[in-house]
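Subject: Handing over a structure

Hi there,

Here is the structure I promised to pass on to you. Have a look at it first, and then read on for what turned up.

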Amino acid sequence: KTRIYGLLNLSSIGLIAPTWEFSNIDYCDVELAETIVNQNRDLILGIKARIDSNTTRGVGIRPLELARELADRVDLPLMVHIGAGPPTLAEVSHLLRPSDILTHCFTGQSMRIVDANGTPDPAILALHDKGLVLDLGHGTGSFSYETAEAMLAAGVLPDVISSDIHQMAIQGPMFDLPTTLSKFLNLGLSLPDVIERATSRPAKAMRKPELGTIAPGSVADVAIFRLEEGDYVFRDIHMNGRRGNVRLVNTLTMVDGEVLPHLPETPLHPWAT
């Protein structure tokens, strides 16, 4: 029932394994990918390139150069995943454009966007000022409190707070989107700031602004949350903990006006009382 769109991985094998999809450059068929996009523009909203030491092993920055070419050809945003290099962040930022998306933007790995002193990378800041979208993509390997706190101290908020939910991430410390949003509430973002970064801002980044609003006449895709107070501990992917006193709990979800079945809260949640 949910609306699911895709970003096309330039690698023709995609994520059939945990990583390594770009290590054979022959999997990067720009002509084929362009054809696939043009035949499926109702579903494909962008181009995806996971760029780190494993995915590009032996081929350097070349896959991202080809992904840049593809995104320009089909006039769609390019989402670039960063983690542990090589390549370097500088090699990646050189190929980013306004309206592209940098996911795992608060990673603590070697491609992180702050230096050892917590100073944000000037090239990333310049791109962000021009419209680069900073997407959290928490997952199991991509959210560091140290990086997040340094960026927030510099006055730079993530544009999109996303879960990067998958079969490993739901086991923690990501768990789910409400938990991820709660971490930023307890980092000092306001409730409107957090909700905006999970609704209207990602919808705008994906060029689907009509899906990020509850204005009259829009589709009735609605999530309702309860804001609970208590004594909680939230952790980043390095298991560094931060205490917090509020959390969001989902109580109802609707898609196009239809209420979806509500699953009980998982006992794996990391709440400490």
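A word on terms before we start: buried means under 20% relative accessible area, exposed means over 50%, and partly exposed is in between (1.4 Å probe, protein chains only). Helices (H or I, at least four residues) and strands (E, at least two) are DSSP runs, numbered from the N terminus. This is a predicted model, in which local features need pLDDT of at least 70 and side-chain atom pairs count only at pLDDT 80 or more, while totals for chains, interfaces and linings use all residues. Residues are numbered from 1 along each chain as its sequence is written, and side-chain values use heavy atoms, with hydrogens and water left out.

Let's begin with strand β3, residues 78–81. Leu78 and Val80 point one way from β3, Met79 and His81 point the other way, and all are buried. Two strands count as paired if DSSP finds at least two bridges between them. Strand β2 (residues 44–50) pairs with β3 in the parallel sense over four bridges, and isoleucine 47 has leucine 78 as its bridge partner in β3. Between these strands the chain passes through helix α2 (residues 62–74), making a right-handed β-α-β crossover. Right-handed here means that, with the strands pointing away from the viewer, the path from the first strand over the helix to the second runs clockwise. β3 is also joined by three bridges to strand β4 (residues 101–103), again running parallel, and there methionine 79 has isoleucine 101 as its bridge partner.

Elsewhere, three strands form an open antiparallel sheet in the order β6-β7-β8. β6 (222–235) and β8 (258–259) stand at the edges with a single partner strand each, so one side of each has no neighbour in the sheet. Two bridges join β7 (residues 241–255) to β8, and valine 255 stands opposite glutamate 258 in β8.

Next, a residue in a loop. Glutamate 21 is found between β1 (6–9) and α1 (30–39), and it counts as buried because its relative accessibility is 1%. Contact means heavy atoms within 4.5 Å. Leaving aside neighbours within four places in sequence, glutamate 21 is in contact with eight residues named here: Asn9, Ser11, Ile13, Gly14, Leu15, Tyr27, Arg50 and Thr55.Alanine 205, in helix α8, is buried too, with a relative accessible area of 15%. With the same neighbours left aside, alanine 205 is in contact with Pro77 and Val133.

Finally, some backbone details. Most residues other than glycine have a negative phi, and most peptide bonds are trans. A cis peptide bond joins glycine 85 and proline 86, with omega about 5 degrees. The bond from glycine 172 to proline 173 is also cis, with omega near 5 degrees. Aspartate 75, not a glycine, has a positive phi of about 55 degrees, and it counts as exposed at 53% relative accessibility. Phenylalanine 175 has a positive phi of about 70 degrees, yet counts as buried at 8%.

Best wishes
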